[in-house]
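User: I've got a structure here that I'd like to go through with you in questions and answers. Could you keep it informal and reason each step out?

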Amino acid sequence: MGGCGSRAWLVLLGSAWLWVGSAQPSPTGPTHGPGPQLRFRLAGYPRKHNEGRVEVFYNDEWGTICDDDFTLGNAHVLCRHLGFVAATGWAHSAKYGKGVGRIWLDNVNCAGSEKSIGDCKHRGWGNSDCSHEEDAGVVCKDERIPGFKDSNVIETEQSHVEEVRLRPVVSGGRRQLPVTEGIVEVRYKDSWAQICDQGWDGHNSRVVCGMMGFPAEKKVNRNFYKRLKRAARMKGHSPRLGQGASRLASKSQPKQKRREDVGLKKRLFTERQQLNYRLHSVSCTGTEVHLSMCSFEFYRGNSSAACGAGMPAVVSCVPGPLFAAGNAHKKKQRQQQQQGQPRIRLKGGARIGEGRVEVLRSSEWGTICDDRWNLQSASVVCRELGFGSAKEALTGARMGQGTGPIHLNEVQCRGTEKSLWNCPFRNITQEDCKHSEDAAVRCNIPYMGYENLIRLSGGRSRFEGRVEVAVGAGDGDQPRWGLVCGEGWGTLEAMVACRQLGLGFANHGLQETWYWDASNVTEMVMSGVKCAGHEMSLSHCQHHGASLSCRNTGTRFAAGVICSETASDLLLHAPLVQETAYIEDRPLHMLYCAAEENCLASSARLANWPYGHRRLLRFSSQIHNRGRADFRPKAGRHSWVWHECHRHYHSMDIFTHYDILTPNGTKVAEGHKASFCLEDTECEEDVAKRYECANFGEQGITVGCWDLYRHDIDCQWIDITDVKPGNYILQVVINPNFEVAESDFTNNAMKCNCKYDGHRIWVHSCHIGDALSEEANKRFEQYPGQLNNQIS
């Protein structure tokens, strides 16, 4: 990202300056050559990630291009600047909205093969007779130039106000995160300036809270801040936020509140701050995702006497359930339970507050098509889920492709709605959208400081290394760094560590790290770590606490991780299981190899080999990779195991579990499938196969491909010889031991209802484990069984 095109804001906590990301512009492609370095971005909306108004950064200023004499050749050159291979079209008359600032180029005429837009004929930089109603746009082919940083982003418009922070004034004895109340400040030159609160209202506060990661604002006790200002004036200087103000805070509040404040040891930060007003007359509608999108005015010249009757704007925010402290958190959880299952969720994101948007309709989860997807609609989703406004609205399945139905299209929220379901939208038709157009979001979330409590050492890049965690980092104390015991450390724990580090997903969780012995940190400080995989910090996972228990305390047995921005996501094609399931009575003399690979029930050992038979429930499995990285076996081919009987290598001992369960979950039969051959059987259109098992080839499943295990191969069954007639659940779980990292493990299980009458089996209602509503899942598990062989 070009420094000039990026946008960020800061939150000040104590004496630490902490960066909090804001909406990032679309990729800016530097052009090297004589003259100033050029940068490019797409802007405006409604639009998709590969289209928009073209903006160019020249001579330290962003500007647009006029549509006079514009051609497809111009669009080709500009799309290559933006990281796409070519253009498919262009737009005139400010189709994507009017830009601001300079119109840098006019009457541009490119052949289409030029390396830079500067090499094309034009009237000269800044020489134009156009208005912004003639701003040109481009539509680029949705294919990236190899190696160009991919970032399908729809972002806020550029403005003069870029960095905003919330400076806390009142603090407890221990500085609690997140900071929910403080003075709003904007970056001005090399320091920070305040905003005059005259005319400031709840809409403005809502915008600031959204930027800081909070779904809502609340009223501020302005009287307290007024008295603080008055007391400071009586002392004869601008407010010094110190002990005098602390006494004032006590006097200005009711007795009970004062007692609470004393109990909490509340105090005001001791920071000398000369007030320096920069903005006034701020007026937001409340739907903006950044303060820069509101209307406001700057103070000109000497602003020391500005805002005479007013005071600095102060904002107080309401944190979402994930970030509410203590009792407030429990109260919000209770409220959510009373309201029932939410009808919206995020899937496939590495970080909290990001992911593919999925909605619950007619008891089934589905996705949203990205047509007209923008920051307003994305912000409604974010706030509904307890986060702030949207940092990015992502299109083109940037968080992986979903499965099942696409429920909504052309969602058009105003930004004021409480729920996405209150927004206008179109129902989907078959030809409208594919899952390659699934919409996603990145939400603003509160700064929690978790990334300061973990670090990696010894790795070859910042994405890998031995995990070191900080303990005893109290108020003002220097943290003590130590190691994590590698015993029991696996993919789920590594997922949490990579999320806490802000490095995406885990590729591997390592129990030995002797090859990363580069740090002087040698003490084990954490053991018994067991994570569910969704936690924000390792400290939120189960662990032994102060009483360490680690068999091998040497540094070589410390936990390590390899992180990655992307991950695979496997899921089973449920309808195929239903269509192909049948029973076979297979003679024992044909099952010697299967017995060697433990593919039969334990009672088979007692059978009168080679006479008799085993009853097998057979079906086909088609396993798709819908993630953003190829699925590769954990072990390299040097450690694959050769099986002489079947004459093939196993790259993963257990790739899938097959189980027959009673309706209450008791297992009555089980099977498993080793991955003797992970390969691309078939792929989607435009996706090339990369993996095949022939000739000891590389194994894996490419993104957009699937691996088919046919019903007629060995071990593609469950041995049900000992199962009595009755009603059961057939369950198939891919990657059951989490050996290989995936972006989403909740969709790895598939369940079907089945009725077995001792001779025939009926398999139906097959679905991915997280595809249905909680209510529909309960109905599925309480299935009373078939009364006949007619499945409705």
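User: In β8, which residue is the bridge partner of Gly-52?

Analyst: This is a predicted model, so keep that in mind throughout. β4 and strand β8 (residues 137-140) run antiparallel and are joined by three bridges. Within that pairing, the β8 partner of Gly-52 is Val-138.

User: And on the β3 side, which residue of β4 does Arg-41 stand opposite?

Analyst: Strand β3 (residues 39-43) is antiparallel to β4, with five bridges joining them. Arg-41 stands across from a residue of β4, and that residue is Glu-55.

User: β4 also pairs with β5, so which residue of β5 is the bridge partner of Phe-57?

Analyst: Four bridges join β4 to strand β5 (residues 61-65), again antiparallel. Among the residues paired there is Phe-57, and its partner in β5 is Trp-62.

User: Which residue in the turn between β4 and β5 has a positive phi?

Analyst: The two strands form a hairpin, with two residues between them. One residue in that turn has a positive phi of about 55°, and it's Asn-59.

User: How many residues of β4 are buried?

Analyst: Take Tyr-58, in β4: its relative accessible area is 16%, and buried means under 20%, so Tyr-58 makes the cut. The strand as a whole is largely enclosed by the rest of the structure, because its buried count is eight of eight.

User: Tyr-58 pairs with Trp-104, so what is the geometry of their rings: stacked, tilted or edge-to-face?

Analyst: For a pair of aromatic rings you look at the distance of the centres and the angle of the planes. Here the centres are 4.9 Å apart and the planes sit at 75°. Angles over 60 degrees count as edge-to-face, so the pair of Tyr-58 and Trp-104 is edge-to-face.

User: How many residues apart in sequence are the parts that this pair ties together?

Analyst: Tyr-58 belongs to strand β4 (residues 51-58), while Trp-104 belongs to strand β7 (residues 102-105). Trp-104 is buried, at 2% relative accessibility. The ring pair therefore ties together parts of the chain whose separation in sequence is 46 residues.

User: Which residue joins Tyr-58 and Trp-104 in a cluster of ring pairs?

Analyst: The structure holds 15 aromatic pairs. Ring pairs link Tyr-58 and Trp-104 into a cluster with one further residue, Trp-125.

User: Phe-655 and Tyr-709 form an aromatic pair too, so what is the angle between the planes?

Analyst: Phe-655 sits in strand β39 (residues 652-661) and Tyr-709 in strand β42 (residues 705-709), so this pair links parts of the chain 54 residues apart. Both residues are buried. The rings are 6.3 Å centre to centre and count as tilted, with an angle between the planes of 45°.

User: What about charges over rings: which ring does the charged end of Arg-144 sit over?

Analyst: Two such cases are worth a look. Arg-345 lies over the face of Trp-365, 4.1 Å from the ring centre. The charged end of Arg-144 is 4.2 Å from the centre of its ring, which belongs to Phe-84.

User: In the open sheet of three strands, which strands stand at the edges?

Analyst: The order is β34-β35-β43, with antiparallel pairing, and the twist averages 35° from one strand to the next. β35 (residues 613-618) pairs with β43 over three bridges, with Leu-616 partnered by Asp-719. An edge strand has a single partner strand, so one side of it is left without a neighbour in the sheet; that applies to β34 (582-587) and β43 (717-719).

User: Which strands do the buried residues of helix α8 pack against?

Analyst: α8 (residues 491-501) is mostly covered, since eleven of its eleven residues are buried. Among them are Glu-493 and Arg-499. After the helix comes Gly-502, with a positive phi near 75°. The buried residues pack against β27 (454-458), β30 (505-510) and β32 (560-564).

User: Zooming out, what share of the protein's residues count as buried?

Analyst: The protein has eleven helices and 46 strands. It exposes about 35900 Å², with 48% of that supplied by carbon and sulfur atoms. Of its 792 residues, the share that counts as buried is 55%.

Methods
Residues numbered from 1 in each chain as written. Predicted model: local features only at pLDDT ≥ 70, side-chain atom pairs only at ≥ 80, totals over all residues. Heavy atoms only, no water. Phe/Tyr/Trp six-rings, centres within 6.5 Å; stacked < 30°, edge-to-face > 60°. Buried < 20%, exposed > 50% of the residue type's maximum accessible area, 1.4 Å probe, protein only. Lys NZ or Arg CZ within 6 Å of the ring centre and 35° of its normal. Pairing = 2+ DSSP bridges. Axes fitted to C-alpha atoms, helices over the stretch in contact; angles between N-to-C directions. Areas by Shrake-Rupley, 256 points an atom, 1.4 Å probe, with all protein chains shown as cover. Contact = heavy atoms within 4.5 Å.
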